[in-house]
Amino acid sequence: MINPLMLRKMMKIKAVTLLFLSLFVVSCQKEEKKTLITEAKTTNDSIKTTKTEEKIDYTDFNIFSLSVISSAEKDSDMDIFISVSDIYKGEQPIPADIVKNHKQMTYEERQHFELDAPSRKKLLNGIHLTENDSLYIYEYGSNKLQKKPINQLKAVAYLSPYTDSEDLDPDSYMIGFQVATHQKTTEYDRFNNAIAYFGNKNPFIENKMKPVKWQKAGADISKKYFSHSKLTSGKTYQAQYENMTYYLQDYLEEGNIVDRKLVVINDRKEKIAEKTFSLAGSDGGEFLPLYGIDADEANAFQYTGHLFKGKPSVIFGFIAQSFGCPSISFLDKNEKDFPINCDNRH
């Protein structure tokens, strides 16, 4: 297992090449005027759907992480980019002359370029968006929401770091939209705890997310709320959010944590949600440190609260994926996870 104290540094390095757990704000964009949300009468259980006046269509709903990529001009600068390659359908919108002439181009010229007008139109058609739609970026860690019209964003392509730059084809590129350029390495941390959405409505609820702060729980909790397993029971933790108590149980195999099971109890001592986070089938995945146990608030990974309009509460941030992308889980057994598109190709 990777030393938890080194994991944050490793994840930042990994983010420079492709994947992040989090998250991205456009510093030059004016902050969106907040949409007034009127909630229905408060329910007893926090996991129940938060009702709003604005209805969001979650059919074919896609959210994205933001990639931090080393600038071709200067290693200390970072470009902030959202790849939509995971959902793009159709022929890759890379200009033919780029692929045809790439051996005569410098690395900087083929590593990153803006798509021409026909390629931009092909990109938008392939992800079913128009120039009238917008990009919404929500930093749930700091409660900052930004909106930017798509017609103000550059459509760009970045060479995948897992591609042989001497033998290119259209699939060698990540395609999407540039959010910011020349971000200093001391500035892009703010993009960690954030997600993005493209569409014509803001799906995010503001100011209802918080990091999960864990503390050790007694052996009686493990016996009371967690069933017998073939795996060895490890440590038990607990945390609080509104009227809910979260209990987390480690399960070990050969001394290593391979599963973590979450149980959520309301203030009437009723079990209202449960979820298992497992490394089974996760090639190279690792459990992330727990804030309050082996990480401080600056390195909090697990977040919970109300994030999406008209949806139950969420929780996420338990596993660092090596292959594949992370997901956001709902505290409701009837709701499927929302995967975070991250273009994690190897």
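Does Lys311 count as buried or exposed, and what is the relative accessibility behind that label? To put it more simply: at what relative accessibility is Lys311 classed, buried or exposed?Is Lys311 buried or exposed? With a relative accessibility of 12%, Lys311 counts as buried, where buried means under 20% relative accessible area, exposed means over 50% and partly exposed lies in between (1.4 Å probe, protein chains only). The model is predicted, so local features need pLDDT of at least 70 and side-chain atom pairs count only at pLDDT 80 or more, while totals for chains, interfaces and linings use all residues. Residues are numbered from 1 along each chain as its sequence is written, and side-chain values use heavy atoms, with hydrogens and water left out.

Lys311 sits in the loop between β17 (303-305) and β18 (314-316). Its side chain makes a polar contact with the side chain of Glu335, at 3.0 Å. A polar contact here is a pair of N or O atoms within 3.5 Å; within protein, one must be able to donate a hydrogen and the other to accept it, and residues adjacent in sequence count only if both atoms are side-chain atoms. Lys311 and Pro203 are 108 residues apart in sequence, yet their C-alpha atoms are 9.8 Å apart in space.

Zooming out, the protein has five helices and 21 strands. These are DSSP runs numbered from the N terminus: helices are H or I with at least four residues, and strands are E with at least two. Of the 346 residues, 54% count as buried. The accessible surface comes to about 17100 Å², with 47% of it belonging to carbon and sulfur atoms; such areas come from the Shrake-Rupley method with a 1.4 Å probe, and for residues only the protein chains shown count as cover.

Now for the sheets. One open sheet has five strands in the order β2-β3-β8-β7-β4, with antiparallel pairing; two strands pair if DSSP finds at least two bridges between them. Its edge strands are β2 (67-70) and β4 (112-114), each pairing on one side only. From one strand to the next, the twist averages 45°. Four bridges join β2 to β3 (residues 77-83), and Ile69 has Asp79 as its bridge partner in β3. On the other side of the sheet order, β4 and β7 share three bridges, with Glu114 partnered by Val156 of β7. Six bridges link β7 and β8, where Val156 is partnered by Gly176 of β8. Five of the six residues of β7 are buried, so β7 is largely enclosed by the rest of the structure.

Another open sheet runs in the order β11-β12-β13-β14-β15, again antiparallel. β11 (215-216) and β15 (271-278) stand at its edges with a single partner strand each, so one side of each has no neighbour in the sheet. Strands β12 (residues 232-241) and β13 (residues 244-253) pair over eight bridges, and Ser233 is partnered by Tyr251 of β13.

What about the inside? In soluble globular proteins, nonpolar side chains tend to be buried together. The largest nonpolar core has 35 residues, and those with the most contacts inside it include Ile82, Leu135 and Phe198. A nonpolar core is a set of buried Ala, Val, Leu, Ile, Met, Phe, Trp, Tyr and Cys residues joined through side-chain atoms within 4.5 Å. β8 gives the most to this core, with five residues. A second, separate core of 22 residues includes Leu279, Leu290, Ile315 and Phe318.

Conventions: Axes fitted to C-alpha atoms, helices over the stretch in contact; angles between N-to-C directions.
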